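User: Hi! I am new to reading protein models, and I would like some help with the one below. Could we go through it step by step?

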Amino acid sequence: MTESIDTMTVRDAIYGRCSVRAYAPEQIDHLTLSTVLAAAVRAPTAMHGEPWQFVIIQDADVLKRLSDRAKELISADAARLHPHRGGLDIFSQTGFNVFYDARTLVIICTKIAGHFALADCWLAAQNLMLAAHAMGLGTCVIGSAALALNLPDVKLELGIPPETTAVAPIIVGKPRSQTLPSARNEPIIVAWR
Ligand SMILES: Cc1cc2nc3c(=O)[nH]c(=O)nc-3n(C[C@H](O)[C@H](O)[C@H](O)COP(=O)(O)O)c2cc1C
């Protein structure tokens, strides 16, 4: 049973959220997903444009195919652009799934081009992740899937209109275990007049 969005303070949501990379096998239910999407669209939006659109993928075969496609693209790019850099080797490992075997992927897309629309989508992404955390769910942005999600044939398969851009792929699910938030540097103030 997922917790209510109302049980956590803003402080606890902001400071407790962290990227989750191991998920329990249970699928999240429709009501839970609707609740986090409703929180996402409360984000500020330039000129009230509300450019976001959402694609939800819960089909395990589709997620596996997408992961394979993303790995192919990243491995090819890594070999071409960073032949001596480690850390990207994981993308060529057969068992690695870029979605960490999460059962739900939410892709925040924009129907409008431009910096403001992208900003709106990322603000919606943060709302979604904080709301999910407040409900006891884990999330992780999977930027490594963005290239694959914008390929014309992938868009066609997923039902993403050609003029729509996939911006923020985010996995959502019940965490398999507790993850602790990572550290941050202090804010750097370069001017304060
Ligand atoms: C734009 C963006 C892309 C990211 N892409 C990935 C990714 O492809 N795979 C992954 O495991 N984490 C990804 N992350 C998560 C970051 O690694 C994570 O946010 C960072 O290490 C800080 O950890 P925290 O989220 O636990 O605070 C991404 C985060 C952002 C904001």
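Analyst: Happy to! Let's begin at the ligand: an N or O atom in the side chain of S19 sits 2.6 Å from one of the ligand's oxygen atoms. Please keep in mind that this is a predicted model.

User: How should I read a distance like that, and which backbone atom lies 2.9 Å from a nitrogen atom of the ligand?

Analyst: A pair of N or O atoms counts as a polar contact if the two are within 3.5 Å. For the ligand nitrogen, the partner is a backbone N or O atom of G143, at 2.9 Å. The side chain of S182 also takes part, with an N or O atom 3.4 Å from an oxygen atom of the ligand.

User: How much of the ligand does the protein bury?

Analyst: Here you compare the ligand taken alone with the ligand in its place. Alone, the ligand exposes 620 Å², and 60% of that is buried by the protein.

User: How many residues surround the ligand, and of which classes are they?

Analyst: There are 13 residues around the ligand, and the closest are S19, R21, Y100, S144 and R184. Sorted by class, this shell holds 6 nonpolar, 4 polar and 3 charged residues.

User: Now the pockets, please. What volume does the largest pocket have, and which residues line it?

Analyst: For a pocket, look at its volume and then at its lining. The largest pocket has a volume of about 280 Å³. Its lining consists of I14, Y15, R17, C18, Q126, P181, S182, R184 and N185. By class, that lining has 4 nonpolar, 3 polar and 2 charged residues. You have met two of these names already: S182 and R184 line this pocket, S182 has the 3.4 Å ligand pair, and R184 is among the closest residues to the ligand.

User: And what lines the second largest pocket?

Analyst: That pocket holds about 210 Å³ of space. It is lined by 17 residues, and those closest to its centre are G16, C18, V20, H133 and T179. Helix α4 (115-134) and strand β3 (138-141) each give at least two residues to the lining. The classes here are 8 nonpolar, 8 polar and 1 charged.

User: Finally, the whole chain: how many helices and strands are there, and why does its radius of gyration agree with a compact globule?

Analyst: The chain has 6 helices and 4 strands, in the order α-α-β-α-β-α-β-α-α-β along the sequence. A compact globule of 193 residues would have a radius of gyration near 16 Å, so the 17 Å of this chain agrees. Along its principal axes, the C-alpha trace spans about 45 × 45 × 35 Å.

Methods:
Residues are numbered from 1 along each chain as its sequence is written. This is a predicted model: local features need pLDDT of at least 70, side-chain atom pairs count only at pLDDT 80 or more; totals for chains, interfaces and linings use all residues. Side-chain values use heavy atoms; hydrogens and water are left out. A residue is near a molecule or strand if one of its heavy atoms lies within 4 Å of it. A polar contact is a pair of N or O atoms within 3.5 Å; within protein, one must be able to donate a hydrogen and the other to accept it, and residues adjacent in sequence count only if both atoms are side-chain atoms. Accessible areas come from the Shrake-Rupley method with a 1.4 Å probe; for residues, only the protein chains shown count as cover. Ala, Val, Leu, Ile, Met, Phe, Trp, Tyr, Cys and Pro count as nonpolar, Asp, Glu, Lys and Arg as charged, and the others, Gly among them, as polar. On a 1 Å grid over the protein atoms alone, a cavity is a set of points where a 1.4 Å probe fits but cannot get out, and a pocket is an open set with protein on both sides within 12 Å along at least five of seven lines; lining residues have an atom within 4 Å of a point. Grid points are joined across faces, edges and corners, and a volume is the space filled by probe spheres set on the points. The radius of gyration is taken over C-alpha atoms; the globule rule is 2.2 Å times the number of residues to the power 0.38.
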